[in-house]
Every structure is written in structure tokens, then in C-alpha cells.
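Visitor: I would like a close look at one part of this model, the place where the two chains meet. Please describe that part, and then the chains around it.

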Amino acid sequence: MGSETRKRAREHLKEQRAKEKKAAALRKNLIVVGAAAAVVLLIVVIGYAVLNSDRGEGYTGPIAAQTVQEDGSVVMADDGVQAPVVEVYADYQCPACRQFEITNGGLLKERAARGEAIVHFRPVSIFAQQQVPISGNSLRGGAAARIAADHGVFVEYNDELFENQPTEGREGFSTDQLKGWFAELETSPGQQEEFGARLDEEAAVVTEFTEEFLPALTQDAVDRIGQETLGTMVLTDLLAWGADNGHDPAFLEGTYTGEIIEATGNAYTRYSGDDAFGGTPSIYINGTLLDNNTAMTVRGLSEAIASADPGKVETQPLGDGGDEE
Amino acid sequence: MDTTDETPALVSGSRWDTVQPWITFVCRLALAGILGYSAFSKYPPALSVQAVEAYDLFPHELARLIGYTLPLFELALAVLLLVGLATRFTGAVATLLMLVFIAGIVSAMARGLSIDCGCFGGGGAVDPEETTYGLSITRDIGFAALGAFIALWPRSPLALDRALGLFR
């Protein structure tokens with residue numbers, strides 16, 4: 001009887017010890033996992049705070065003078081300012097361009113207003129050759145920005161376009177929307193009417209270009225010169241080929257749609273070597289292409305501007321009275 | 001047969017017990033390197049946000065938060081793997097993360113989007129013929145396997161866990 005009790009007590013003790021061992025192991029595991037979770041939380045929270053500190057403050061101060069150039073680009077700088085020239089190539093349908101605008105749009109306005117930078121906005125349409133609706137959105141946005149430039153509100157309208165950028169692949173930048181955003185700016189009813197009339201003309205050109213002219217031209221080019229050669233041609237090359245082969249691009253002449261297509265083609269040949277234009281957004285300071293870490297962070301761009309010498313704008317202002325009206 | 005030779009080894013331990021910790025160790029280093037590189041390649045965050053937005057799954061604000069914090073989360077996992085803290089847990093979380101990535105890529109594929117996965121920087125729309133979904137998914141499966149191995153056999157040398165009395 002006695003030995004039986006002892007045996008049971010021994011077994012009970014053994015069980016107890018095993019249980020305690022298990023509980024201790026579990027506790028240890030929990031502590032380690034907790035420590036690991038704390039490390040993760042620490043890295044994420046501190047990292048987020050650091051990255052977020054690079055956020056540009058939304059600049060709401062005065063905007064420097066805006067001057068439309070002969071090629072349809074816009075220079076934002078007050079008269080006689082000597083400062084580095086920051087060229088901004090962007091497509092209104094390009095999401096990374098929207099991120100650039102969110103990150104550094106305010107910085108550029110502020111630097112230009114302080115006379116510390118000459119900002120040269122050079123809208124392009126690298127998506128003009130893509131499928132509808134991407135191509136149409138890109139061109140309509142570009143044309144609308146150019147019309148806004150005629151009314152002296154390019155910079156403000158540029159903001160509106162990026163703020164309302166359509167999701168890639170979805171229909172957007174409708175003429176009604178584009179007119180509405182223009183009306184939200186400080187513009188007179190007369191200006192809004194002019195804007196709307198011109199926009200309707202441009203939108204019709206864009207539709208003809210993206211839905212009829214370009215598909216027919218592309219098909220023809222594929223048949224006659226092959227997909228491979230076609231792949232190496234930029235849009236302006238293709239248009240030049242088309243002009244010689246029965247695809248008359250005359251309907252683009254004198255339109256802002258045609259102008260932005262040409263501006264895009266010219267961008268590809270403007271720079272060479274490491275500075276070659278290859279896509280958007282492309283940010284240049286005095287003709288030198290900035291890398292992403294510089295262009296896409298507030299600190300990077302701010303320092304790059306501060307350390308650059310004064311530069312020269314390569315385009316000429318559009319002559320007075322040269323406007324269509 | 002091979003299996004009769006190997007199975008007892010697994011159970012009785014001798015060879016497997018010597019080799020396994022080093023395999024896990026190599027997996028830890030490899031996965032830490034991959035996650036760390038992936039985190040740094042996503043800098044600056046503005047571009048990472050754009051890569052997330054290209055999946056067209058989240059509203060702008062949420063995409064921004066993910067674009068900022070996902071690389072940091074990857075970095076944190078890399079650090080944990082490197083020092084060997086909570087090895088099993090970290091390996092499992094890394095595997096889950098890869099499964100989430102695969103789900104994201106499959107969903108982009110299923111919806112007919114033409115995007116770069118943004119796995120190692122980059123991201124955003126690409127020409128339809130330039131998508132590399134298959135490659136991205138295969139790669140992520142491989143990374144998930146590394147994580148799974150670590151989670152299943154967490155015992156490895158040069159790990160904080162050992163110092164704390166775990167997975168000795």
C-alpha cells in the first residue's frame with residue numbers, strides 16, 4: 001500500500017515537472033516572439049517617421065510668373081531670375097509623375113517663387129501610342145493643360161490634372177471633367193467658354209487620332225515594315241513614315257494634340273548618353289538627368305537645386321499676339 | 001532503396017541533425033539578403049507607392065501607407081532572420097508574406113493588368129508583352145520555400161534564439 005502511494009506520488013511529481021517544463025518553454029517562446037514583434041514594430045514605426053519627414057509641405061504661397069514657350073512648354077520663374085533650370089517631363093496619365101507631383105510639386109513652386117529655381121514644365125505624352133483609353137487620357141490631359149497655359153493658369157491646372165489622374169486603363173479626363181477643373185480655378189466665364197470650345201476641338205482630334213488614325217497607321221506599318229522595326233520607332237518617326245505612305249497627319253497641324261506629340265518626339269533626341277530621355281517622370285537640372293533618389297525625394301531635389309549653378313532656358317517664349325484667337 | 005536508408009537517419013538523427021542546422025542557417029542568410037535587398041530597392045517610397053497603386057487594389061491613402069511600410073516590414077524580417085530571433089515565427093511570417101505577394105500577382109494577372117510586380121523596386125504599368133508574372137510567381141514560391149524550411153526546422157547556429165534557450 002505504502003509503496004503504491006509513493007509510486008503514484010512519484011509519477012505525479014514527474015507529470016508536474018513535465019508540465020512545468022512545457023509551460024516554461026511556452027513562456028520562453030512567447031517572450032521571444034514578443035521581442036521579435038517589438039523589433040518589427042520599432043523598425044516600421046521609426047522607419048515610417050523618418051521616411052515621412054521627407055514629405056513636402058503643401059505649398060500655398062504665391063506662384064512665380066508663368067510663360068508659355070514656343071514649343072508649348074511652360075517656364076515658371078519671375079523675370080530676370082538667375083537660377084538653376086529644373087526641367088520636368090511628365091505625362092498626365094503616368095502614375096509615377098503623379099507621385100513626383102505629390103512629393104515635389106510644392107518644393108518647385110516654392111523655389112521658383114523665391115527666385116531659387118527656374119522651373120521648366122515640359123508636358124509630354126509617352127502614352128500616346130498605347131491603347132485607348134490610356135492614350136486618349138494622356139493626350140486630352142496634355143492638350144487641356146496647354147489650353148490652360150494660354151489662360152495663364154498652367155501650374156494650377158497641372159495640379160488639378162495630377163490630383164484627378166485616372167487609374168491607368170480606365171476612361172478618364174472627360175471633357176466635362178476637364179472643363180469643370182478649369183472653372184474651379186480663378187478664371188472668368190469668358191475664359192471658361194474659350195477653354196471649353198478649344199477643348200472640344202482638341203478632344204475630337206484626340207479621338208480621331210487614337211481611335212482611327214493611329215490604329216490604321218500602325219496596322220499598315222506592321223504589314224509593311226514589320227513589328228520589329230516598328231518597335232524601335234518613336235511616335236514621331238511613325239508619323240513621318242505615315243506621311244510618306246498615305247497617312248496624312250495634316251489634321252494634327254496647329255492643334256495642341258499635335259504639339260504635345262511633337263514635343264514628346266523632340267524630348268527623345270534632346271539629350272544624349274546618360275542623360276537621354278527614356279520615360280517619365282524625367283527631371284533635369286541644367287540639362288543633367290537626376291536619378292530617382294534625387295528626383296523623388298524632397299531632400300534630394302532640394303539639395304540638388306541648392307548646389308546647382310544658374311542655368312539657361314533653351315526655349316523661346318511664345319511671341320505676344322501669336323495666340324490663335 | 002534510398003528511402004529506407006534516409007528515413008531512419010531522419011528519426012535517429014545522426015546525419016540530419018548535423019546537416020539541418022546549417023541548411024537552416026543558409027536559408028536564413030539567403031532570405032535575409034533577399035528581403036533586405038528588396039526593401040532597399042523599393043526606395044524612394046514615392047516610387048514604391050506607385051508600384052502598389054499599379055495593382056489597383058487599394059485606395060490612394062492605403063496604397064501610400066503600404067508603399068511606405070512594406071519595405072520597412074521586409075527590412076525588419078531580414079534583421080530578425082539575420083540575428084536568428086524568433087526564427088520559427090519569422091520564417092512562417094516570411095512565407096505568409098510571399099503567399100500574399102503571389103496572391104497579388106495572380107490577381108493582377110487575372111484582371112488582365114500589365115504591370116511590373118514591383119518586387120525589387122520598379123513597378124507600374126509595362127507593355128503587355130513585357131509582363132513577367134510567371135517568373136515573379138516562381139521566384140516567390142522559391143522564397144516561400146526558404147521561409148517554410150526555416151519555420152519547420154528552426155534549429156540553426158549563430159542565432160539569438162540559442163542564447164535564449166530556444167531550438168538548441
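Guide: What follows starts at the contact between the chains and works outward.

The model is a predicted one. At the interface, 24 residues of chain A are in contact with 28 residues of chain B. On the chain A side, at least two residues each come from α1 (2-52), α2 (95-113) and α9 (292-295). The greatest contribution to that side is made by α1(A), which gives 13 residues. By type, the residues of chain A that touch chain B are 14 nonpolar, eight polar and two charged.

The assignment of domains in chain A puts residues 1-53 in domain 1 and residues 66-306 in domain 2. Between the C-alpha centres of domain 1 of chain A and domain 2 of chain A there are 61 Å. The overall dimensions of chain A can be set beside that separation. Its C-alpha atoms fill a box of roughly 115 × 55 × 45 Å along the principal axes. The radius of gyration of chain A is 29 Å, whereas a compact globule of 325 residues would have one near 20 Å. In secondary structure, chain A contains ten helices and six strands. Of the 325 residues in chain A, 39% are buried. If contacts in chain A are limited to residues at least 6 apart in sequence, 74% of them join residues at least 24 apart.

The nonpolar interior comes next. As a general matter, nonpolar side chains in soluble globular proteins tend to be buried together. In this model the largest nonpolar core has 112 residues. The residues with the most contacts inside this core are A:Met76, A:Val86, A:Ile118, A:Val119, A:Ala148, A:Phe154 and B:Leu31. Domain 1 (1-53) and domain 2 (66-306) of chain A each supply at least three residues to this core. A:Ile118 can be taken as an example of the packing. Apart from neighbours within four places in sequence, A:Ile118 is in contact with A:Val75, A:Ala77, A:Val81, A:Ala83, A:Val85, A:Val86, A:Ala112 and A:Val313.

Chain A also has a cis peptide bond, which joins A:Thr280 and A:Pro281 with omega of about -5 degrees. A:Pro281 is placed in the loop between α8 (256-270) and β5 (282-285) of chain A.

On the other side of the interface is chain B. For residues 21-153 of chain B, an unreviewed UniProt entry lists "domain: Methylamine utilisation protein MauE". Over that stretch, residues 21-153 of chain B, the chain is 74% helix and 3% strand, and its end C-alpha atoms are 8 Å apart.

Three loops of chain B hold backbone details. In the loop between α2 (14-41) and α3 (45-53) of chain B lies B:Pro44, and a cis peptide bond joins B:Tyr43 and B:Pro44, with omega of about 0 degrees. The loop between α3 and α4 (60-83) of chain B holds B:Asp56, a residue other than glycine with a positive phi, near 55 degrees. B:Asp56 counts as partly exposed because 16 other C-beta atoms are within 10 Å. B:Ala86 is found in the loop between α4 and α5 (87-110) of chain B, and its phi, near 50 degrees, is also positive in a residue other than glycine. B:Ala86 has 28 C-beta neighbours inside 10 Å and therefore counts as buried, the cut-off for buried being 20 or more.

Notes
Residues are numbered from 1 along each chain as its sequence is written. Chains are lettered from A and ligands numbered from 1 in the order in which they are written. This is a predicted model: local features need pLDDT of at least 70, side-chain atom pairs count only at pLDDT 80 or more; totals for chains, interfaces and linings use all residues. Two residues are in contact if their C-beta atoms, placed from the backbone, lie within 7 Å. Helices (H or I, at least four residues) and strands (E, at least two) are DSSP runs, numbered from the N terminus. Ala, Val, Leu, Ile, Met, Phe, Trp, Tyr, Cys and Pro count as nonpolar, Asp, Glu, Lys and Arg as charged, and the others, Gly among them, as polar. The radius of gyration is taken over C-alpha atoms; the globule rule is 2.2 Å times the number of residues to the power 0.38. A residue is buried if 20 or more other C-beta atoms lie within 10 Å of its own, exposed if 12 or fewer, and partly exposed in between; C-beta atoms are placed from the backbone. UniProt positions are given in the numbering used here, feature names are shortened, and annotations may be inferred rather than shown by experiment. Domain bounds come from an automatic or database domain assignment. A nonpolar core is a set of buried Ala, Val, Leu, Ile, Met, Phe, Trp, Tyr and Cys residues joined through C-beta atoms within 7 Å.
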